[in-house]
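Here is a walk through one protein model, element by element. Please keep the sequence and the coordinates open while reading.

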Amino acid sequence: MRIFLCLMAAMAFLPSVPALAQDSAITPDLPRFETNLSGLAVSITRSGPNCPPACVEPLYIMDGIETVAELDVIEFLDITASNGTGLLVDTRAQTDFAKATLPGAVSVPAATVSPENPYRGDLLAALGFSGQGGSASTYTLLVFDQNAASPEAAQAVRDLVQAGYPADKILYYRAGIDGWTALGLSTQPGT
């Protein structure tokens, strides 16, 4: 008992360390979820970065945008990207892209397709998009970010569609690089 009290007294003088996890909302409109199933209370809470901006993103982010999984990403690289008609787009910041990204990805940070970017038209032209409806030369984009709680990819998709980029030329990989690596799939430094 004496050792325990000495340890407790010594710990009182240690600097406090902030907790790594913090309570956070699931979505802006859903701080927590509670229900009753067969008489048993069920509660779902979330810890992690603050929501917003880091909210759990829905599986389907808007009409016309297909959400894909890991095997679809591999198929996209094998068929669409390899024949030169598609791009695997990492919407995270350039510093994150440089550390690690999905093999074959290009960096197009979400802010570059924002309506506030005065050079957005130039970027859209580089993607083969010359106006409403697109054309045969408009790239099919498979867009991703960090994970299902990162808003960058979903916002980039919304901004692209708002600019007139054809929704049928955009795919959304919701799990992001964290979902990819959780399955043990390889990454590479971005170049």
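The paragraphs below take up the sheet, the cores, one helix residue, a hairpin and a disulfide in turn.

The model is a predicted one. A convenient place to start is its open sheet of 5 strands, which pair in parallel and follow the order E5-E9-E8-E6-E7. Strand E5 (66–67) and strand E7 (105–107) are the edge strands, each pairing on one side only. Within the sheet, E8 and E9 run parallel and are joined by 4 bridges. Leu-141 stands opposite Ile-170 in E9. Two helices that pack on this sheet can be described next. H2 touches strand E6 (86–90), E8 and E9, and its direction makes about 135° with that of E6. H5 touches E8 and E9, with a direction at about 170° to that of E9.

The cores come next. The largest nonpolar core has 20 residues, and those with the most contacts inside it are Leu-141, Val-143, Leu-160, Tyr-165 and Ile-170. Two or more residues each come from strand E8 (140–144), helix H5 (152–162) and strand E9 (170–173). Of these elements, H5 gives the most, with 5 residues. Another core lies apart from this one; it has 13 residues, including Phe-76, Phe-97, Tyr-173 and Trp-180.

Which residues of H5 are buried? They are Ala-153, Ala-154, Ala-156, Val-157, Asp-159 and Leu-160. An α-helix has 3.6 residues a turn, so residues three or four places apart point the same way. The cover over the buried residues of H5 includes helix H4 (120–126), E8 and E9. After H5 comes Gly-164, with a positive phi near 105°.

Tyr-165 has already appeared among the core residues with the most contacts. With its neighbours within four places in sequence left aside, which residues is Tyr-165 in contact with? The list is Leu-124, Leu-127, Phe-129, Thr-138, Tyr-139, Leu-141, Leu-160 and Ile-170. Leu-141, Leu-160 and Ile-170 are thus contacts of Tyr-165, and these three are also named among the core residues with the most contacts.

Back on the other helix, Thr-80 is found in H2 (residues 70–81). Is Thr-80 buried or exposed? Thr-80 counts as buried because its relative accessibility is 18%, and the cut-off for buried is under 20%. Leaving aside neighbours within four places in sequence, Thr-80 is in contact with Glu-75, Thr-85, Gly-86 and Thr-140.

The hairpin of E2 and E3 makes a separate topic. Strand E2 (residues 33–37) is hardly covered, and the count of buried residues among its 5 residues is 0. E2 runs antiparallel to strand E3 (residues 40–44), and 5 bridges join the two. Leu-37 has Leu-40 as its bridge partner in E3. The hairpin has 2 residues between the strands, and Ser-38 takes a positive phi near 50° there.

Last is the covalent link. The structure holds 1 disulfide. A disulfide is a covalent bond between the sulfur atoms of two cysteines. Here the pair is Cys-51 and Cys-55, with sulfur atoms 2.0 Å apart. The link of Cys-51 and Cys-55 is right-handed, with 100° about the S-S bond. Cys-51 counts as buried because its relative accessibility is 13%; Cys-55 counts as buried at 6%.

Technical notes. Residues are numbered from 1 along each chain as its sequence is written. This is a predicted model: local features need pLDDT of at least 70, side-chain atom pairs count only at pLDDT 80 or more; totals for chains, interfaces and linings use all residues. Side-chain values use heavy atoms; hydrogens and water are left out. A nonpolar core is a set of buried Ala, Val, Leu, Ile, Met, Phe, Trp, Tyr and Cys residues joined through side-chain atoms within 4.5 Å. Buried means under 20% relative accessible area, exposed over 50%, partly exposed in between (1.4 Å probe, protein chains only). Contact means heavy atoms within 4.5 Å. Two strands pair if DSSP finds at least two bridges between them. Axes are lines fitted to C-alpha atoms, for helices over the stretch in contact, and angles run from 0 to 180 degrees between N-to-C directions. A disulfide is a pair of cysteine sulfur atoms within 2.5 Å.
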